[in-house]
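Colleague: I am new to reading protein models. Can we walk through a pocket and then a single residue?

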Amino acid sequence: MTDPVAVPPGLPVVIVGGLHADARRAAVARLLADVPGSVVLHHDLSTAAAGTVVRTIRDASGVLDAGEAPLVNDCACCALREDLVPELERLRDAGLTRLAVVELWDSVEPKAMAEVVTAGGLTVTGVITAVDPALVLPCLGNGDDLADAGLAAAATDQRTIADTFARQLEYAPVLAVADSPEADDEDRELLAQLHPTARRAPVGEGAPVGRADDGLTVPTPRRGPLSPLAQAALAGFDVEAAAAAQHPACALLPAEADAHGVSTLVWHRRRPFHPERLYAALEDLTCAAARSRGRFWLADKPDTLFHWDAAGGALCVEGAGPWLASLPDAAWEMVPPVRRAAAALDWHPEHGDRGQHLVFTSPALDRDGLERLLESCLLTDAEYAAGPDAWQRLPHAFDTLLEV
């Protein structure tokens with residue numbers, strides 16, 4: 001008889017993460033119900049204060065196995081890295097598991113874990129971030145440190161709730177969207193504009209039939225075709241392509257949009273920023289939108305592509321390598337093809353790939369005011385006409401921020 005659930009050979013691994021714990025657990029339960037022979041591997045980092053990380057393996061019926069992994073260099077996330085692949089290999093070698101679902105702890109980011117699993121010789125078939133639409137804006141607006149919320153993955157973890165959630169959301173090609181009664185059209189539109197290329201799969205399919213040993217509601221096992229979520233989990237995942245898509249020079253940033261009170265402004269210019277005026281405007285620009293990101297060009301640093309990454313009222317600015325236009329021809333062979341292709345699509349006869357490409361997404365976005373502020377930070381006509389040599393003599397206002 002034909003197997004109604006087509007699962008790739010070997011041990012397929014799907015990674016499910018996200019700060020929205022209830023949505024994440026519901027997505028995992030859906031996968032367990034959809035794919036017979038699937039198990040969930042979860043490392044609970046909340047026990048790190050006691051010096052260990054607690055590992056559990058469960059299927060739809062409840063917990064199958066539990067154990068502990070000691071901290072590595074006082075880092076719970078490092079313990080997870082060290083323990084994850086050996087446990088997955090053990091499941092693979094036993095030959096009884098058809099799909100391994102790695103449920104990440106709240107603040108663990110899927111990019112690092114997908115790369116760990118792939119480097120260990122296992123196949124990641126999907127990366128999913130579970131989302132409650134009603135919690136998207138509160139998370140993006142939360143500039144609190146993970147440590148203050150009890151969500152730090154290491155003693156040195158300096159991430160915030162907002163920037164962690166943004167990376168979780170934007171890395172995953174699939175969003176498991178919870179059926180949230182508190183969510184309205186604005187919430188759903190914000191999610192759509194933040195990650196327009198994501199495949200969105202509903203979580204809430206199947207009526208509950210009871211509770212597993214760990215207290216999770218278990219959806220009804222499926223008897224027919226796979227749900228959209230399970231299909232997405234098995235669709236395949238390219239770790240290298242996903243990493244390249246996070247680089248500001250290659251990222252597929254959101255497009256212009258305006259619906260249900262939410263707007264996305266795409267701002268693209270071919271003139272460099274005056275470093276001093278842009279620096280003075282950073283606070284206003286950072287607070288202008290729930291989320292902003294992209295790449296930008298400073299007049300006094302013509303060789304460096306800068307990454308703009310803002311959420312929760314906080315901005316991260318860092319150099320992301322050279323503009324390709326600043327490299328000698330011989331160095332282009334060392335640049336990944338996807339980066340060369342992205343530059344070629346946006347090449348300027350004078351400035352090459354240098355330019356401003358910033359995207360701001362938010363409810364109640366003041367598009368006109370934001371555009372005026374951004375335009376005021378560019379070089380004036382007279383400053384621009386003075387030429388690149390004069391630009392490099394402008395005040396190096398970003399040196400302190402960049403710790404140059």
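Colleague: Which strand gives the largest share of the lining of the largest pocket?

Modeller: Count lining residues element by element. In this predicted model, strand 15 comes out on top, with five residues.

Colleague: Which other elements supply at least two residues of that lining?

Modeller: Look at helices and strands alike. Helix 3 (110-119), helix 5 (161-171) and helix 8 (239-244) each supply at least two. So do strand 13 (291-296) and strand 14 (304-311), along with strand 15 (314-322).

Colleague: How much space lies in the largest pocket?

Modeller: About 910 Å³. The lining has 37 residues, and the closest to the pocket's centre are Arg167, Glu170, Tyr171, Ala245 and Gln246.

Colleague: How many lining residues are nonpolar, polar or charged?

Modeller: Sort them by class. You get 22 nonpolar, six polar and nine charged residues.

Colleague: Now the single residue. Where is Thr47 found?

Modeller: Place it between elements. Thr47 sits in the loop that runs between strand 2 (38-44) and strand 3 (52-59).

Colleague: Why is Thr47 called partly exposed?

Modeller: Compare its relative accessible area with the cut-offs. Buried means under 20%, and exposed means over 50%. Thr47 has 22%, so it counts as partly exposed.

Colleague: Which residues is Thr47 in contact with, leaving aside neighbours within four places in sequence?

Modeller: Thr52, Val53 and Val54. Then check for polar atoms. The Thr47 side chain reaches the backbone oxygen of Thr52 at 2.8 Å.

Colleague: How many Å apart in space are Thr47 and Cys78?

Modeller: Go from C-alpha to C-alpha. Thr47 and Cys78 are 14 Å apart that way, and 31 residues apart in sequence.

Key:
Residues numbered from 1 in each chain as written. Predicted model: local features only at pLDDT ≥ 70, side-chain atom pairs only at ≥ 80, totals over all residues. Heavy atoms only, no water. Helix = DSSP H or I, 4+ residues; strand = E, 2+ residues; numbered from the N terminus. Buried < 20%, exposed > 50% of the residue type's maximum accessible area, 1.4 Å probe, protein only. Contact = heavy atoms within 4.5 Å. Polar contact = N/O pair within 3.5 Å; in protein donor to acceptor, adjacent residues only side chain to side chain. 1 Å grid on protein atoms, 1.4 Å probe; cavity = no way out; pocket = protein on both sides within 12 Å on 5 of 7 lines; lining within 4 Å. Points joined across faces, edges and corners; volume = space filled by probe spheres on them. Nonpolar A, V, L, I, M, F, W, Y, C, P; charged D, E, K, R; others polar.
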